[in-house]
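Q: Hi! I'm new to this one, could you walk me through it?
A: Happy to, let's have a look together.

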Amino acid sequence: MKILKKTGYFLLFTFIIAQFFGPEKNEGNLESIAAFITETNPPEDVKKILETTCYDCHTNKTEYPWYNNITPVNYWLAEHVKDGKKHLNFSKWSAYSLKKKEHKMDELYEEVEEKKMPLDSYTWTHSEANLTQKQIDAVVHWGKNVQANYKQQLNSK
């Protein structure tokens, strides 16, 4: 029983000390998505959907929830954001080639259409990110139009 108590105190002490450490935050600014917004020209409803469901993990600016202040949750969230930005980063849109933009737009609307995005782990704590079929249809319609525009530009080269 004594060893169990010591182990408990050690774990508690370790947990408390860990709270003083955390990963680097994704705290850029949303001005960096101006190129994406200008180029793809989403309608207001789609712009709001992107803001609510995509930007936290796919831009250089994350709005962190309160529980991001708890280690080890903050490390999990940081890795989640890093992975999201690796796949698609709206803040880097202007650096993407035309071919990459066309491909990313294809992936974007397919992931939304197949209900793979936003991730369940995101919607569990962000209920406003649960998309209705009408919202999904709006994103897919917009995405297909933008992708078609990119395809046309590629074919005219």
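**One helix and its surroundings**

A: The exposed residues K82 and K86 sit on the face of α5 turned away from its buried side. Exposed means over 50% relative accessible area, buried under 20%, and partly exposed in between (1.4 Å probe, protein chains only). Helices (H or I, at least four residues) and strands (E, at least two) are DSSP runs, numbered from the N terminus.

Q: What kind of model is this, and how are residues numbered?
A: This is a predicted model, where local features need pLDDT of at least 70, side-chain atom pairs count only at pLDDT 80 or more, and totals for chains, interfaces and linings use all residues. Residues are numbered from 1 along each chain as its sequence is written, and side-chain values use heavy atoms, with hydrogens and water left out.

Q: What is the mean pLDDT of the protein chain?
A: The mean is 91, and 99% of the residues reach 70 or more. pLDDT is the predictor's confidence in each residue, from 0 to 100.

Q: Which elements have the lowest and the highest mean pLDDT?
A: Helix α1 (residues 2–18) has the lowest, 79, and α6 the highest, 97.

Q: Back to α5, which residues are buried there?
A: N74, L77, A78, H80, V81 and G84 are buried in α5. Seen down the helix axis, the buried residues of α5 fall within an arc of 160°, so they line one face. That arc is taken from the directions from the helix axis to the C-beta atoms.

Q: Why would residues a few places apart point the same way?
A: An α-helix has 3.6 residues a turn, so residues three or four places apart point the same way.

Q: And how far does α5 reach?
A: From first C-alpha to last, the 15 residues of α5 reach 22 Å, close to the 21 Å expected at 1.5 Å a residue. The expected span is 1.5 Å times one less than the number of residues.

Q: New topic: what lines the largest pocket?
A: There are 19 lining residues, and H58, G84, H87, E111 and M117 lie nearest the centre of the largest pocket. Two or more residues each come from α4 (55–58), α5 (73–87) and α6 (98–113). The largest share, 5 residues, is from α6.

Q: How much space is in the largest pocket?
A: About 420 Å³. On a 1 Å grid over the protein atoms alone, a pocket is an open set of points where a 1.4 Å probe fits, with protein on both sides within 12 Å along at least five of seven lines, and lining residues have an atom within 4 Å of a point. Grid points are joined across faces, edges and corners, and the volume is the space filled by probe spheres set on them.

Q: What about the second largest pocket, what is its volume?
A: The volume of the second largest pocket is about 150 Å³. Its lining has 15 residues, with Y67, L77, H80, Y122 and H126 nearest the centre. Here α5 gives the largest share, 4 residues.

Q: Which peptide bonds are cis?
A: The bond from T71 to P72 is cis, with omega near 15°, and so is the one from M117 to P118, with omega near -5°. P72 is in the loop between α4 and α5, while P118 lies in the loop between α6 and α7.

Q: Is P118 buried or exposed?
A: P118 is buried, at 12% relative accessible area.
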